[in-house]
Amino acid sequence: MSLSFAGRIALVTGGGSGIGRAVCRTLAKDGARVVAADINQKAAEETVSMLINPGDHLALSVNVADKASVASLVRSVIEQLKAPPNLLANVAGITQDNFLLQMDEQSFMNVIDVNLKGTFLVTQAVTSALQEHEITSGSIVNIASIVSKTGNMGQCNYASSKAGVQAFTKTAALELARVGVRVNCVLPGFVDTAMVTTVPEKVLTMLLKNVPLRRLGQPEEIAEVVAFLLSDKSSYMTGASVEVTGGLAM
């Protein structure tokens, strides 16, 4: 399926690796000017170097959990590209796993701050910029997780943050429809990224037995769904949660 993002600016947080990098590559292939934003500036630059016509795109540093950093990011996009992004993929996320009784408060809050508060801060900053520039259309996709639906051993912080992202998506969709912005989210299952490499092989083998397609997803498979939801092909979708899991937890 060919999607056209010609003339549109796409901001992708977590663009330095994994699903975020795949989203950047997919959107650039379909004509968007991509801003790869990541806490790791070098990783964001590496992503941009992989894109079609790399000179058309930007690599910027951001800490999505910090409001001032997010505001600086949006200002930089506007200064360099002369307009705010009207496509946004909130992909930035972290894990700090431990069993509930062993998890310290800081590890719990770190994950909430990046995964949930970060999604809020970036969404707020981008949609405020769109209003200030009197742009009356936009599309946002947030990355949640299938564990927001099922829970997961050792991930009370991550599962909580992603359940929050899913609920945030629905509320944002209700509020932002009146200003022409659609908001949807994707719930990936187990995807072949650095985040999954921390899972012991024995545990991963057991988990994959519960996946009807019997394999990990690839970042590009998530990215294609994100691109669809950002595009006009999904123009009558907002507030939706799309599971991309190989059939896990149907």
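Start by selecting Glu-134, which is exposed, with a relative accessible area of 69%. You'll find Glu-134 in the loop between α4 and β5 (138-143). Keep in mind that this is a predicted model. Look at the backbone here: phi of Glu-134 is near 55°, a positive value in a residue other than glycine. Most residues other than glycine have a negative phi.

Now jump to Arg-214, in the loop between α7 (201-208) and α8 (219-230). Here too phi is positive in a residue other than glycine, with a value near 60° for Arg-214. Is Arg-214 buried or exposed? Arg-214 is exposed, because its relative accessible area of 54% is over the 50% cut-off.

One more loop stop: pick Asn-53, found between α2 (41-49) and β3. Asn-53 counts as partly exposed, because its relative accessible area is 49%, and exposed would take over 50%. Draw a distance from the C-alpha of Asn-53 to the C-alpha of Ala-125 and you should get 27 Å, for two residues that sit 72 apart along the chain.

**Zoom out**

Switch to a cartoon of the protein chain, and you can count eight helices and seven strands. Turn the chain around: its C-alpha trace spans about 50 × 40 × 35 Å along the principal axes. How does the radius of gyration fit a compact globule? A compact globule of 250 residues would have one near 18 Å, and the protein chain has 17 Å, which agrees.

Put a surface on the chain next. About 11800 Å² is accessible, and 54% of that belongs to carbon and sulfur atoms. Of the 250 residues, 53% count as buried. If you color by charge, there are 20 positive and 21 negative charges to find, and their mean positions are 5 Å apart. Contacts reach along the chain as well: among those between residues at least 6 apart in sequence, 71% join residues at least 24 apart.

**Into the core**

Hide the surface and select Leu-11 and Val-35. In the largest nonpolar core, which has 32 residues, these two touch the most other members. At least two residues of this core come from each of β1 (9-13), β2 (33-38), β3 (58-61), α3 (67-81), α4 (105-132), α6 (156-176) and β6 (181-188). Which element gives the most to this core? That's α4, with seven residues.

Stay on Leu-11 and show what surrounds it. Leaving out residues up to four places away in sequence, Leu-11 touches Val-35, Ala-37, Leu-73, Pro-85, Leu-87, Leu-88, Ala-89, Val-122 and Val-126. There is also a second, separate core of 31 residues, which includes Ala-36, Leu-87, Val-141 and Val-244.

**Over to Val-244**

Follow that second core to Val-244, in strand β7 (residues 241-244). Beyond the neighbours within four places in sequence, Val-244 is in contact with Val-186, Leu-187, Pro-188, Gly-189, Glu-221, Ile-222 and Val-225. How far apart in space are Val-244 and Leu-11, C-alpha to C-alpha? They are 22 Å apart, with their positions 233 residues apart in sequence counted as separation.

**Along helix α6**

Next, select Thr-169 in helix α6. Thr-169 counts as buried, because its relative accessibility is 0%. Show its contacts, setting aside neighbours within four places in sequence, and you'll see Thr-169 meet Asn-142, Val-183, Asn-184, Cys-185 and Ala-240.

Now click on Ala-172, also placed in helix α6. Ala-172 is buried too, with a relative accessible area of 9%, and the cut-off for buried is under 20%. Set a C-alpha to C-alpha distance from Ala-172 to Pro-188: these residues are 16 apart in sequence and 20 Å apart in space.

**Last stop: helix α1**

Finish at Leu-27 in helix α1 (residues 18-29). Leu-27 is buried, with a relative accessible area of 1%. Which residues is Leu-27 in contact with, leaving aside neighbours within four places in sequence? Select Phe-5, Ala-10, Val-12, Ala-32, Val-34, Ala-227 and Leu-230 to see them. Then bring in Phe-228, which is 201 residues from Leu-27 in sequence but 9.8 Å away in space, C-alpha to C-alpha.

Technical notes. Residues are numbered from 1 along each chain as its sequence is written. This is a predicted model: local features need pLDDT of at least 70, side-chain atom pairs count only at pLDDT 80 or more; totals for chains, interfaces and linings use all residues. Side-chain values use heavy atoms; hydrogens and water are left out. Helices (H or I, at least four residues) and strands (E, at least two) are DSSP runs, numbered from the N terminus. The radius of gyration is taken over C-alpha atoms; the globule rule is 2.2 Å times the number of residues to the power 0.38. Buried means under 20% relative accessible area, exposed over 50%, partly exposed in between (1.4 Å probe, protein chains only). Contact means heavy atoms within 4.5 Å. Accessible areas come from the Shrake-Rupley method with a 1.4 Å probe; for residues, only the protein chains shown count as cover. Lys and Arg count as positive and Asp and Glu as negative; His and the chain ends are not counted. The place of a charge is taken as NZ of Lys, CZ of Arg, CG of Asp or CD of Glu. A nonpolar core is a set of buried Ala, Val, Leu, Ile, Met, Phe, Trp, Tyr and Cys residues joined through side-chain atoms within 4.5 Å.
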